[in-house]
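Visitor: I'd like to learn how to read a fold feature by feature. Could you walk me through one?

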Amino acid sequence: MSWVKIQLRQQGVSDDGVSDSANADSKALLGACLQQDLVYLMMWPEKCLQPTERERLMAWVTRRLKGEPIAYIIGYRDFWSLRLKVSPATLIPRADTETLVELALALDLRPDAHVADLGTGTGAIALALGTERPSWSVLGCDLSFEAVALATENAQTNHITNVEFIQSNWFAELGNQLFDMIVSNPPYVESTSQYLTQGDVRFEPSSALTSGEDGLDDIRLIIKQAKTHLRASGWLVFEHGFEQGQAIRVLFAQAGFQHIATHTDLNGQDRVTCGQFG
């Protein structure tokens with residue numbers, strides 16, 4: 001039994017059945033409760049919780065036992081080098097999405113590139129790009145007003161000034177703006193997928209997850225409309241499902257994109273596809 005579970009049980013709380021990763025969940029909840037990192041917890045295993053801390057931890061574990069995502073319980077998720085506030089209005093940033101960030105940063109763009117992040121959610125992708133490339137101008141767009149407000153708050157909290165967020169249904173409010181790169185982690189789950197009934201996604205907004213019977217409706221629309229918003233030799237980059245790479249490469253080719261390639265995530269699964277326009 002780990003010392004974290006011992007601490008929890010000393011407080012009268014059992015984390016059995018919280019999730020398939022109950023030990024990791026326990027550490028995350030206990031660390032957030034104490035506002036300390038894992039190193040602190042490992043160095044001070046004898047620390048006893050104060051009554052208010054114990055009450056908070058018990059409430060959080062109860063919520064986790066019902067399946068609520070850790071990030072929604074503690075109110076944040078670390079992504080790239082950033083700590084981002086999250087809420088049920090947006091998807092929770094995931095490590096797989098860092099594959100898109102890495103690829104976008106590796107593309108050959110001009111120093112003062114203008115970049116759009118469609119369906120920005122918490123602002124994770126836009127803010128990661130903005131913090132790594134201070135000379136870029138990044139625009140994050142989302143249909144949800146709550147998401148735009150949250151992303152804007154995340155920019156302010158992380159002191160990132162070269163990223164702006166607006167409410168827009170994909171390209172609807174972008175006017176005649178042209179971009180050197182457009183990135184997106186759009187909805188890409190099939191509307192009938194059993195995945196929607198499992199794990200954290202049960203608590204996340206379905207509008208940010210599903211996109212038609214094959215999961216590609218929004219990707220088709222973005223590819224079609226992106227051509228009028230990309231500069232010559234501009235890039236379009238998508239995160240997508242692990243079985244969708246081939247289909248998306250076909251869509252890119254049909255739309256006249258070049259240098260089309262699919263990249264894998266840390267698990268070796270197809271995760272990001274890009275193409276260059278013109």
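Guide: Happily; we will go through the sheet, the helices packed on it, a helix pair and a single residue. Keep in mind that this is a predicted model.

Visitor: Let's begin with the sheet. In what order do the strands lie, and how are they paired?

Guide: A useful habit is to write down the strand order, then look for the edges. Here seven strands make an open sheet in the order E5-E4-E3-E6-E7-E9-E8, with mixed pairing. The edge strands are E5 (163–167) and E8, each of which pairs on one side only. From one strand to the next, the twist averages 15°.

Visitor: How many bridges join E3 to E6, and which way do these strands run?

Guide: Four bridges join them, and the two strands run parallel. For a spot to look at, find Leu118, which stands opposite Ser184 in E6.

Visitor: Which strands do helices H7 and H9 touch?

Guide: Helix H7 (residues 124–132) lies across E3, E4 (137–142), E5 and E6, and runs at about 160° to E5. Helix H9 packs on the sheet too, touching E3, E6, E7 and E8, and its direction makes about 170° with that of E7.

Visitor: Which residues of H9 are buried, and why do they line one face?

Guide: The general idea comes first: an α-helix has 3.6 residues a turn, so residues three or four places apart point the same way. In H9 (residues 217–226), the buried residues are Asp218, Ile219, Ile222, Ile223 and Ala226. Viewed down the axis of H9, they fall within an arc of 135°, so they line one face of the helix. Their packing partners are strands E3 (114–118), E6 (179–184), E7 (230–239) and E8 (257–264), together with helix H10 (245–254).

Visitor: Now a helix pair. At what angle do H2 and H4 cross, and with which hand?

Guide: The axes of H2 (residues 22–34) and H4 (residues 51–65) come within 10 Å and cross at roughly 145°. The crossing is right-handed. On the H2 side the contact includes Leu29, Leu30 and Cys33, while H4 contributes residues including Leu57, Trp60 and Val61. By class, this contact has eight nonpolar, no polar and four charged residues.

Visitor: And Thr62: where is it found, and how accessible is it?

Guide: Thr62 is found in H4. Its relative accessibility is 39%, so Thr62 counts as partly exposed, between the buried limit of 20% and the exposed limit of 50%. To see how far apart two positions can sit, compare Thr62 with Gly275: they are 213 residues apart in sequence and 45 Å apart in space, C-alpha to C-alpha.

Technical notes:
Residues are numbered from 1 along each chain as its sequence is written. This is a predicted model: local features need pLDDT of at least 70, side-chain atom pairs count only at pLDDT 80 or more; totals for chains, interfaces and linings use all residues. Side-chain values use heavy atoms; hydrogens and water are left out. Axes are lines fitted to C-alpha atoms, for helices over the stretch in contact, and angles run from 0 to 180 degrees between N-to-C directions. A crossing is left-handed if the near helix is turned anticlockwise from the far one by less than a right angle, and right-handed if clockwise. Contact means heavy atoms within 4.5 Å. Ala, Val, Leu, Ile, Met, Phe, Trp, Tyr, Cys and Pro count as nonpolar, Asp, Glu, Lys and Arg as charged, and the others, Gly among them, as polar. Buried means under 20% relative accessible area, exposed over 50%, partly exposed in between (1.4 Å probe, protein chains only). The arc is that of the directions from the helix axis to the C-beta atoms. Two strands pair if DSSP finds at least two bridges between them.
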